[in-house]
Amino acid sequence: MEHYTADQIQVVTFEESVRARPAMYFRVGRDSPELPTEVLQTVVWDALHRSDGTHGRISLEISSDLSFTVEDDRRHTVDELGNPLPGFFDSLLDKERWAPAAAAALSVRTTIEVWLDGRGFRQELAGSTPTGPWEEFTAPVSNGTLATFELDPAYCAPGEAIAWALLPSELHGEGCDQHPSIATFQIRDLRSDGEGLSASE
């Protein structure tokens, strides 16, 4: 039996793990042209599906071939005072939601907004590292999260892009038929002639 010593064990960060083995998180490898679409799909699945199996309300905006924004009505985890708990990388990326954190690991810039009972909190990250503490503002709605991801063009293979003409039905996950959603959601693609293309179900 082969034995390992402590100096042979390599400890990697979450970001290093995602970037080294993206297929573990997004089903496809770094060289796949489907990677940007799979990252988007994984973030949408996370936003759409609640822990009880039901669907939340979300919206999706695609602003360029490698950038997108997802808004949902999920409530961020809070402390005893109702303030957001620090999540992945001590940021506003909720520790109960690994998908946005994995997407941030493949991004050059991520913006997170958390809305809690009318209070808003905003933070930017470079990769997975916060560029500063989060700032508080007046939230547009009572509760929810808005996250914008700008995927790293140096990480993605040349020419890779989020797929065009996506439909909401393509972004649902396994088991959705068991808990059909009464809510529709909109996909707004700003790449379409500069005017934006909307698709909904």
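A residue counts as exposed when its relative accessible area is over 50%, as buried when under 20%, and as partly exposed in between. Asp117, at 52% relative accessibility, therefore counts as exposed. The model discussed here is predicted.

**Overall layout**

The protein chain has 201 residues, and buried residues make up 45% of them. It holds four helices and nine strands. Read from the N terminus, the order of elements is α-α-α-β-β-α-β-β-β-β-β-β-β.

**Two positive phi values**

Most residues other than glycine have a negative phi. Two residues of this model are worth a look on that point. Asp117 has a positive phi of about 50° and is not a glycine. The loop between β3 and β4 carries Asp117. Phe89 is also not a glycine, and its phi is positive, near 60°. Phe89 sits in the loop between β2 and α4.

**Aromatic residues**

Phe89 also takes part in ring contacts. Searching the whole structure gives six aromatic pairs. In one of them, the ring centres of Phe88 and Phe89 lie 6.0 Å apart with planes at 50°, so this pair is tilted. A tilted pair is neither stacked, which needs planes under 30 degrees apart, nor edge-to-face, which needs over 60. The two partners differ in burial class: Phe88 is buried because its relative accessibility is 16%, while Phe89 at 26% is partly exposed. Both belong to one aromatic cluster, formed by Phe14, Tyr25, Phe88, Phe89 and Trp98.

Arginines lie over the faces of two further rings, as the table shows.

| Arginine | Ring beneath | Distance to ring centre |
|---|---|---|
| Arg30 | Tyr155 | 4.2 Å |
| Arg191 | Trp164 | 4.4 Å |

**Nonpolar core**

The largest nonpolar core has 41 residues. Within this core, the residues with the most contacts are Phe26, Val39, Leu40, Leu60, Ile62 and Phe68. Helices α2 (23-26), α3 and α4 (98-105) each supply at least two of its residues. So do the strands β1 (58-64), β2, β3 (107-116), β4 (119-126) and β7. The top contributor is α3, with seven residues.

**The cavity**

How many cavities of 30 Å³ or more are there? The count comes to one. The largest cavity has a volume of about 140 Å³. Its lining consists of 17 residues. Nearest the centre of the cavity lie Asp72, Arg97, Pro100, Thr145 and Ala147. By residue class, the lining holds nine nonpolar, two polar and six charged residues. Three elements each give at least two residues to the lining: α3 (35-48), β2 (67-72) and β7 (143-151). These elements, α3, β2 and β7, also each supply at least two residues of the largest nonpolar core.

**In brief**

Core and cavity draw on α3, β2 and β7. The aromatic cluster includes Phe89, whose positive phi falls in the loop between β2 and α4. Asp117, with the other positive phi described here, lies in the loop between β3 and β4.

Definitions and conventions:
Residues are numbered from 1 along each chain as its sequence is written. This is a predicted model: local features need pLDDT of at least 70, side-chain atom pairs count only at pLDDT 80 or more; totals for chains, interfaces and linings use all residues. Side-chain values use heavy atoms; hydrogens and water are left out. Rings of Phe, Tyr and Trp (its six-membered ring) pair if their centres lie within 6.5 Å; planes under 30 degrees apart count as stacked, over 60 as edge-to-face and the rest as tilted. Buried means under 20% relative accessible area, exposed over 50%, partly exposed in between (1.4 Å probe, protein chains only). A charge sits over a ring if NZ of Lys or CZ of Arg is within 6 Å of the ring centre and within 35 degrees of the ring normal. On a 1 Å grid over the protein atoms alone, a cavity is a set of points where a 1.4 Å probe fits but cannot get out, and a pocket is an open set with protein on both sides within 12 Å along at least five of seven lines; lining residues have an atom within 4 Å of a point. Grid points are joined across faces, edges and corners, and a volume is the space filled by probe spheres set on the points. Ala, Val, Leu, Ile, Met, Phe, Trp, Tyr, Cys and Pro count as nonpolar, Asp, Glu, Lys and Arg as charged, and the others, Gly among them, as polar. A nonpolar core is a set of buried Ala, Val, Leu, Ile, Met, Phe, Trp, Tyr and Cys residues joined through side-chain atoms within 4.5 Å.
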